[in-house]
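Open the model in your viewer and keep the selection tool at hand. Where should you click, and in what order?

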Amino acid sequence: MYNFILTLVIILSVVMVIAVMMQPSKQNSAASAFTGGADKLFGKQKARGFEAVMQRATAIIGALWMLLLFILVLLSSK
């Protein structure tokens, strides 16, 4: 069981890296370095289309990855 979950964690790690790399980039201007991106935080509209799908997929994969890691810790402590 431990090896199976470890394999799933490794596969999810690779999938998560791919999902993060597929997300559309947000080009920031030099002015956002000085404002700290506050204009993006408060003026941001909801993500739509591909961007929304990728954000949800990344969040779900990340949550599943964390859950599997907690299960691995429990299995390894016994």
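The stops below go from the whole chain to a single side chain.

**Whole chain.** Select everything. This is a predicted model. The protein chain holds four helices and zero strands. From the N terminus, the order reads α-α-α-α. Of the 78 residues, 18% are buried. About 6300 Å² of the protein chain is exposed, and carbon and sulfur atoms supply 71% of that area. Now turn on contacts between residues at least 6 apart in sequence: 90% of them join residues at least 24 apart.

**Confidence.** Color by pLDDT. The chain average is 83, and 73% of the residues score at least 70. Select residues 2-22, helix 1: confidence is highest here, at a mean of 94. Then select residues 38-43, helix 3: here confidence is lowest, with a mean of 56. Where pLDDT is low, do not read the predicted coordinates in detail.

**Residues 57-75.** Select this stretch next. An unreviewed UniProt entry places a "transmembrane region" here. In the model the stretch is 100% helix and 0% strand. Its end C-alpha atoms lie 27 Å apart.

**Thr-58.** Zoom in on Thr-58, in helix 4 (residues 50-77). Is Thr-58 buried or exposed? Thr-58 is buried, because its relative accessible area is 16%, under the 20% cut-off. Show its side chain: a polar atom there sits 2.7 Å from the backbone oxygen of Met-54. Finally, display the neighbors of Thr-58. Leaving aside residues up to four places away in sequence, Thr-58 touches Ala-19, Val-20 and Gln-23.

How values were computed
Residues numbered from 1 in each chain as written. Predicted model: local features only at pLDDT ≥ 70, side-chain atom pairs only at ≥ 80, totals over all residues. Heavy atoms only, no water. Helix = DSSP H or I, 4+ residues; strand = E, 2+ residues; numbered from the N terminus. Buried < 20%, exposed > 50% of the residue type's maximum accessible area, 1.4 Å probe, protein only. Polar contact = N/O pair within 3.5 Å; in protein donor to acceptor, adjacent residues only side chain to side chain. Contact = heavy atoms within 4.5 Å. pLDDT = per-residue confidence, 0-100. UniProt positions renumbered as here; feature names shortened; annotations may be inferred. Areas by Shrake-Rupley, 256 points an atom, 1.4 Å probe, with all protein chains shown as cover.
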